[in-house]
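Here is a friendly walk through the structure shown below. Keep the viewer open as you read, so that each residue can be found along the way.

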Protein chains: 2
Amino acid sequence: MEKTDCRSKLLEVGTKLFAERGLNGVSIRELSQAAGTSISMISYHFGSKEGLYSAVLEQQFACFAEIHEIRQRVANPQQMIEEYLRWTFQRHRNNAYLLRFYTSELTNPTMFFAKIVMPVIDEVIRTLATVIEEGIQLKQFRADIHPTNAALALAGMVNYFFLSVHATEGLISHSPDQDEILIQQYLAIFTNGVATP
Amino acid sequence: MEKTDCRSKLLEVGTKLFAERGLNGVSIRELSQAAGTSISMISYHFGSKEGLYSAVLEQQFACFAEIHEIRQRVANPQQMIEEYLRWTFQRHRNNAYLLRFYTSELTNPTMFFAKIVMPVIDEVIRTLATVIEEGIQLKQFRADIHPTNAALALAGMVNYFFLSVHATEGLISHSPDQDEILIQQYLAIFTNGVATP
């Protein structure tokens, strides 16, 4: 196997196994066997099992940086909230493993949480809170809205749709062709919820 | 150790270890050692490691049945939503491990998901959707609100506050003495969000 192929294969296999069983639930032997390579290749490319896990996390959470591009592109608070909702749907649609790393790191943080996960979630919530604060200043949103708490409410709404998929199969369609309808409903609930009367 | 003490000790130890590492991340030997008992006591009380995990899950999710008592006690949709929010805060406050089992079973379901977890989440979401439907019929809520999706938005708001605790320590107070303020803010965002104009 070429060295770059070997590195990608280890990342691919690591993503699947760590998503399913967590950092401590997978051995370095299982990782090398599943990738069809040797333990020494994990050491060579990533230093250790922890190094591979850290590289997987970096890859999973890289998409969170896109919030800056959206923020620069979109000025209006209401439109920014709509873009945030659509972007969050896309992140989950594009990556079936994201939610597992997200919830696993939030509920049972590893040693990499503080460096890789926490800062990017913090950044998204801060950005949303700033956007809501701007909406309040523009008198689009009510003055008694707490920007950070409203930002958490918004993030919660949209992430929970994906978190609850397995429990709500009999209740609601999870087909991607319904996404835009759901995005518009969350947008209506949230923006009416925080709007000036 | 008395037999009943031994059973409670195994449930206590199992709750902590399974919450941290999942069903597959804990061995029957670790469980018996942490409980200060023998492997045969796990077999005696629970049949197997899986039996102990299943008993832990039953205990964790038993609180979800309280939704029926709240539903019977509270008729008004808006008030029912407020009671749901307060009850959800209490469930997380009373049980630091609930969210780990909740997210772990939703993202990586075990063989017990379908029997123990799925039905109780389904029941809570159905109840909320029915309450929202009643609010629409009473013209408190808008006719274009999708009851199930609005129920998911409501559940997402309140659960995410607890899910995001580790990532938002620098952004918002998580002190229980702020809970009632947060409950009122979620209530205002949600009920304004679905209200008739």
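## Fold and contacts

Two residues are in contact here when they have heavy atoms within 4.5 Å of each other. With that in hand, look at the contacts in chain A between residues at least 6 apart in sequence: 70% of them join residues at least 24 apart. Please keep in mind that this is a predicted model.

Chain A is built from 10 helices and 0 strands, so its pattern along the sequence reads α-α-α-α-α-α-α-α-α-α by the DSSP runs. Taken along the principal axes, the C-alpha atoms of chain A fill a box of roughly 65 × 35 × 30 Å. Of the 197 residues in chain A, 53% are buried.

## How the two chains are related

How does chain B lie on chain A? A turn of 180° with a shift of 0.0 Å along the axis lays chain B on chain A, and the RMSD is 0.0 Å. The two copies are thus related as by a two-fold rotation axis.

If you want a landmark for that axis, try B:G193: of the residues of chain B, B:G193 comes closest to the rotation axis, with its C-alpha at 1.8 Å. As for the interface, 100% of the interface residues of chain B are also interface residues in chain A, so the copies meet through the same surface.

## The largest pocket

Rolling a probe the size of a water molecule over the atoms shows where empty space is left. The largest pocket has a volume of about 710 Å³, and 33 residues line it. Lying nearest its centre are A:E20, A:R21, A:G22, B:R21 and B:G22. Two or more residues of this lining come from each of helix 1 (3-21) and helix 7 (98-107) of chain A, and likewise from helix 1 (3-21) and helix 7 (98-107) of chain B.

What is the make-up of the lining by class? The lining of the largest pocket has 16 polar, 11 nonpolar and 6 charged residues.

## The cavities

There are also 3 cavities of 30 Å³ or more. The largest cavity has a volume of about 70 Å³. Chain A contributes A:G156, A:N159, A:Y160 and A:L163 to its lining, while chain B contributes B:L99, B:Y102, B:T103, B:G156, B:N159, B:Y160 and B:L163.

In terms of elements, helix 9 (147-163) of chain A supplies at least two of these lining residues, as do helix 7 and helix 9 (147-163) of chain B. The lining of the largest cavity divides into 6 nonpolar and 5 polar residues, with no charged ones.

## Aromatic pairs

A pair of aromatic rings is described by the distance of the centres and the angle of the planes. Over all chains, the whole structure holds 22 aromatic pairs. One of interest is B:F64 with B:W87, an edge-to-face pair with 6.4 Å centre to centre and 75° between the planes. B:F64 sits in the loop between helix 4 (49-61) and helix 5 (66-73) of chain B, and B:W87 in helix 6 (residues 77-94) of chain B, so the pair ties together parts that are 23 residues apart in sequence. Both B:F64 and B:W87 are buried.

B:F161 and B:F162 also pair edge-to-face, at 5.2 Å centre to centre and 85° between the planes. B:F161 counts as buried because its relative accessibility is 0%, and B:F162 is buried with a relative accessible area of 11%. Over in chain A, ring pairs link A:F61, A:F64, A:Y84, A:W87 and A:Y102 into a cluster.

## Two glutamates in chain B

B:E58 belongs to helix 4 of chain B. Is B:E58 buried or exposed? With a relative accessible area of 40%, B:E58 is partly exposed. Leaving aside neighbours within four places in sequence, B:E58 is in contact with B:K115 and B:I116. The C-alpha atoms of B:E58 and B:L163 are separated by 21 Å, and the two residues are 105 residues apart along the chain.

B:E83 is found in helix 6 of chain B. The relative accessible area of B:E83 is 18%, so B:E83 is buried, the cut-off being under 20%. Not counting residues up to four places away in sequence, B:E83 touches B:I70, B:R73 and B:V74.

Notes. Residues are numbered from 1 along each chain as its sequence is written. Chains are lettered from A and ligands numbered from 1 in the order in which they are written. This is a predicted model: local features need pLDDT of at least 70, side-chain atom pairs count only at pLDDT 80 or more; totals for chains, interfaces and linings use all residues. Side-chain values use heavy atoms; hydrogens and water are left out. Copies are superposed by least squares on the C-alpha atoms of residues with pLDDT of at least 70 in both. On a 1 Å grid over the protein atoms alone, a cavity is a set of points where a 1.4 Å probe fits but cannot get out, and a pocket is an open set with protein on both sides within 12 Å along at least five of seven lines; lining residues have an atom within 4 Å of a point. Grid points are joined across faces, edges and corners, and a volume is the space filled by probe spheres set on the points. Helices (H or I, at least four residues) and strands (E, at least two) are DSSP runs, numbered from the N terminus. Ala, Val, Leu, Ile, Met, Phe, Trp, Tyr, Cys and Pro count as nonpolar, Asp, Glu, Lys and Arg as charged, and the others, Gly among them, as polar. Rings of Phe, Tyr and Trp (its six-membered ring) pair if their centres lie within 6.5 Å; planes under 30 degrees apart count as stacked, over 60 as edge-to-face and the rest as tilted. Buried means under 20% relative accessible area, exposed over 50%, partly exposed in between (1.4 Å probe, protein chains only).
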